[in-house]
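Good morning, everyone, and thank you for making the time. Before I say anything in detail, please take a moment to look at the sequence and the structure as they come up.

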Amino acid sequence: MTSTLKISALTKAFAGVTVLDRVSLDIAPGQRIALLGHNGAGKSTMMKIILGLIPFDSGTVEVCGNRPGSAPARAQVAYLPENAAFHPALTGQEQIAHYLSLRGESPKLAMNLLERVGLHEAARRRIGTYSKGMRQRVGLAQALIGKPRLLVLDEPTSGLDPVSRRDFYALLDGLATEGASILLSSHALTEVEARTDRILILSGGRMVAFGALGDLRRTADLPVAVHVTPRNGYATEIAAALPGAIRVNGDLRLNCPQDEKLPILAQIASFGDKVADIEVVPPSLEDIYSHFSQRDGQ
């Protein structure tokens with residue numbers, strides 16, 4: 001399977017300061033990759049290089065098998081910035097029709113694209129009357145022109161309400177199912193946790209972690225939280241058998257190493273009907289991100 005995006009040992013410096021240090025990445029068709037990192041970690045520089053907006057110092061970058069910024073690459077890549085800006089006097093339909101014309105496609109497709117992003121009813125209103133979330137959806141409609149093979153999205157849910165965010169990720173799921181690759185930069189970790197296939201964490205220009213969430217959890221080896229709800233009258237007995245457990249509003253909570261999770265669960269299960277419920281809470285993406293960033297000295 002041909003990679004949609006292939007990066008090897010990518011290095012970039014500005015005025016002697018290394019911004020990207022030997023970063024490597026391979027994205028296959030249909031994969032959704034979350035690009036995470038603190039401000040200044042190198043995310044924006046990496047996206048600009050992929051789009052062909054700035055050169056790089058060393059390494060290799062192939063976008064759909066082509067050089068970044070070349071005509072074949074541009075034809076297969078779409079980009080959505082964090083703050084999409086459009087002409088306020090144009091309607092949503094007019095703006096998308098204009099972009100369709102620039103791409104050599106029929107302007108009549110504008111309404112279909114706007115309907116796909118939930119703007120069908122507002123299509124004939126001027127963009128100057130749109131909220132930030134609505135403008136962001138105009139940007140997404142523009143990004144869908146030409147059925148791109150790679151979507152590069154920078155904080156794409158900025159300004160969207162919770163329902164619109166859910167619909168946005170459902171749309172991305174559909175695009176990935178159709179074979180589009182997605183590289184999504186976001187600070188909203190709880191959003192991307194369940195909606196991406198792999199996670200790339202940059203820190204100080206270096207790739208400090210890359211893999212599926214489950215793999216990163218195992219590598220980080222962070223403790224697992226266990227919440228136990230005893231039945232009335234049994235909290236003291238169960239707490240005595242679980243050293244380190246603390247009481248919180250009638251429940252018992254404790255953290256345990258990954259390799260002790262199953263024995264502790266078996267011990268809790270041995271209490272039978274004395275336990276009303278057990279909840280196992282694995283480390284969140286926020287926990288994992290903090291772990292790898294701190295380990296890098298940031």
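Let me begin with how the elements are named: a strand here is a DSSP run of E with at least two residues, and strands are numbered from the N terminus. With that in hand, we can place Asn249, which sits in the loop between β11 and β12. Please keep in mind throughout that what you are looking at is a predicted model.

Asn249 has a positive phi of about 50°, although it is not a glycine. Is Asn249 buried or exposed? With a relative accessible area of 79%, Asn249 is exposed, and the cut-off I am using for that word is over 50%.

The two strands on either side of that loop belong to an open sheet of four strands, in the order β11-β12-β10-β13, and the pairing is antiparallel. At its edges are β11, residues 246-248, and β13, residues 275-281, each of which pairs on one side only. If you follow the sheet across, neighbouring strands are turned by 25° against each other on average, with direction ignored. Helix α10, residues 261-269, packs on this sheet and touches β10, β12 and β13, while its direction makes about 170° with that of β13.

Within the sheet, you can look for strand β10, residues 224-230, which pairs with strand β12, residues 251-256, in the antiparallel sense over five bridges. As one position to find on the screen, Val226 stands opposite Leu254 in β12.

Now let us turn to strand β8, residues 198-203, which is mostly covered, since five of its six residues are buried. Which way does strand β3, residues 32-37, run relative to β8? The two run parallel and are joined by five bridges, and Gly37 has Leu202 in β8 as its bridge partner. Strand β9, residues 206-211, is also joined to β8 by five bridges, but these two run antiparallel, with Ser203 standing opposite Arg206 in β9. Together β8 and β9 form a hairpin with two residues between them, and in that turn Gly204 has a positive phi of about 60°.

Finally, I would like to show you Lys147, in the loop between α5, residues 132-143, and β6, residues 150-154. Lys147 is not a glycine, yet it has a positive phi of about 50°, and Lys147 is exposed, with a relative accessible area of 78%.

Terms used. Residues numbered from 1 in each chain as written. Predicted model: local features only at pLDDT ≥ 70, side-chain atom pairs only at ≥ 80, totals over all residues. Heavy atoms only, no water. Pairing = 2+ DSSP bridges. Axes fitted to C-alpha atoms, helices over the stretch in contact; angles between N-to-C directions. Contact = heavy atoms within 4.5 Å. Buried < 20%, exposed > 50% of the residue type's maximum accessible area, 1.4 Å probe, protein only.
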